[in-house]
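Please find below some comments on the chain you sent for review. They go from the overall fold to two helices and one loop residue.

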Amino acid sequence: MPVKLKTKPDLSINFAGIKLKNPVLTASGTFGYGEEFADFVDLNKLGGVIVKGVSLKPIKGNPPPRIWETPSGMLNAIGLENPGVDVFINQKLPYLRQFDTAVIVNVFGYSLEEYVGVVERLDAVSGVSGIEVNISCPNVKAGGIVFGTNVKSAFGLLSAVRKATKLPLIAKLSPNVTDITEFARAARDAGCDGLSLINTLIGMAIDVRCHKPRLANCTGGLSGPAIRPVAVRMVWQAAKAVPLPIIGMGGIVTGEDALEFILAGASAVAVGTANFVNPRATLDVITGMENLLREQNVSDIKTLIGKVNAR
Ligand SMILES: Cc1cc2nc3c(=O)[nH]c(=O)nc-3n(C[C@H](O)[C@H](O)[C@H](O)COP(=O)(O)O)c2cc1C
């Protein structure tokens with residue numbers, strides 16, 4: 001019978017210069033701007049909050065229905081609804097600043113200039129620990145090519161954003177590509193400090209009685225436990241390809257799920273869709289990880305990063 005660790009394991013991580021008391025973050029778009037979940041979760045307990053995507057101007061989002069639950073994951077087509085960067089800075093950020101937790105701002109735009117504009121504004125204020133760039137957006141100026149699925153566009157975008165801020169810069173990669181390592185390398189070459197992966201996988205569901213798509217937008221992003229094996233595989237591939245620290249996400253519900261990502265090479269994790277099922281999922285993941293470390297006599301989580309054994 002192995003001896004169980006008596007002391008509290010060290011869960012702290014320095015992620016690309018961002019100090020996290022534990023590696024558990026909230027996935028963008030699933031935890032609002034923190035305040036929405038504050039009745040359920042003491043935000044001081046989280047490693048950090050990655051907020052809902054912020055753009056230069058307010059965006060209304062897609063018409064309903066915008067969410068469809070399938071037997072194996074959730075489809076969403078929210079359409080990146082948000083109040084815009086100025087409202088975020090003046091009304092949302094002051095609330096988050098009160099807590100002892102990292103604040104990572106997820107940003108996006110429909111042109112390179114929009115991305116740069118948002119990042120410049122965030123760079124000028126205090127209380128932002130880092131920026132996560134969602135590159136899964138179509139570039140309207142370049143005929144709708146999605147930045148995140150074209151390596152050249154991704155590199156160009158991330159290089160421009162890099163010049164606009166000294167804050168830690170994390171590229172959030174799309175899984176809707178053939179080779180994730182090309183995009184991991186493009187992010188590294190553009191000067192990013194870290195990676196986040198994965199965003200949702202594009203999916204579709206159809207109502208066979210009225211013969212219409214379930215979502216008004218027709219297609220949506222698939223998330224939840226169904227995508228976890230794809231996400232773990234991509235984190236593992238990206239971690240082997242580049243030395244950047246990674247925030248792993250996709251279907252994390254328990255501490256065990258989170259540890260899978262750490263062993264695959266992630267230095268931190270983000271909990272997304274699970275927050276809709278259980279608003280305290282992030283806290284359960286922290287406790288679950290801590291218990292697993294005790295069970296395995298591991299005193300420091302850092303020693304497990306990327307330590308999946310060969311078979
Ligand atoms: C309703 C919803 C909204 C989301 N909004 C964003 C967003 O604004 N920016 C972003 O980069 N990712 C967004 N995502 C993707 C999540 O952050 C995460 O990458 C993805 O859902 C996979 O994790 P999960 O399976 O734990 O949810 C959203 C996901 C959902 C379900």
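What percentage of the 311 residues in the chain do buried residues make up?

1. Buried residues make up 53% of the 311 residues in this chain, a value that, like the others in this note, comes from a predicted model. The chain exposes about 13900 Å², and 54% of that area is supplied by carbon and sulfur atoms.

2. The chain is built from eight helices and 18 strands. Its radius of gyration is 19 Å, close to the 19 Å that the globule rule gives for 311 residues, so the chain is as compact as a globular protein of that length. Taken along the principal axes, the C-alpha atoms fill a box of roughly 60 × 50 × 40 Å.

3. Among the contacts with a separation of 6 or more, 71% are accounted for by residues 24 or more positions apart. As for charge, the chain has 32 positive and 26 negative charges, and their mean positions are 2 Å apart.

4. Helix α2 (residues 112-123) has twelve residues and reaches 16 Å from its first C-alpha to its last, close to the 16 Å expected at 1.5 Å a residue. Its buried residues are Tyr 115, Val 116, Gly 117, Val 118, Val 119 and Leu 122, and these pack against two helices, α1 (85-97) and α3 (151-164), as well as against the strands β7 (102-107) and β8 (130-134).

5. Helix α5 (residues 228-241) can be checked in the same manner: at 1.5 Å a residue its 14 residues should span 20 Å, which agrees with the 20 Å between its end C-alpha atoms. Buried positions in α5 include Arg 228, alongside Ala 231, Val 232, Met 234, Val 235, Ala 238 and Ala 241. The partners against which the buried residues of α5 pack are α4 (180-189), β12 (194-197), β17 (246-249) and α6 (255-264).

6. Two of those partners, β17 and α6, are joined by the loop in which Val 253 is found. Is Val 253 buried or partly exposed? Its relative accessibility is 36%, and since buried means under 20% and exposed means over 50%, Val 253 counts as partly exposed.

7. Val 253 also has partners that are distant in sequence: leaving aside residues up to four places away, Val 253 touches Pro 225, Ala 274 and Val 285. Asp 284 is 31 residues from Val 253 in sequence, while the C-alpha atoms of Val 253 and Asp 284 are 8.2 Å apart in space.

Methods: Residues numbered from 1 in each chain as written. Predicted model: local features only at pLDDT ≥ 70, side-chain atom pairs only at ≥ 80, totals over all residues. Heavy atoms only, no water. Helix = DSSP H or I, 4+ residues; strand = E, 2+ residues; numbered from the N terminus. Rg over C-alpha atoms; globule rule 2.2 N^0.38 Å. Buried < 20%, exposed > 50% of the residue type's maximum accessible area, 1.4 Å probe, protein only. Contact = heavy atoms within 4.5 Å. Areas by Shrake-Rupley, 256 points an atom, 1.4 Å probe, with all protein chains shown as cover. Lys, Arg positive; Asp, Glu negative; His and termini not counted. Charge placed at Lys NZ, Arg CZ, Asp CG, Glu CD. Expected span 1.5 Å × (residues − 1).
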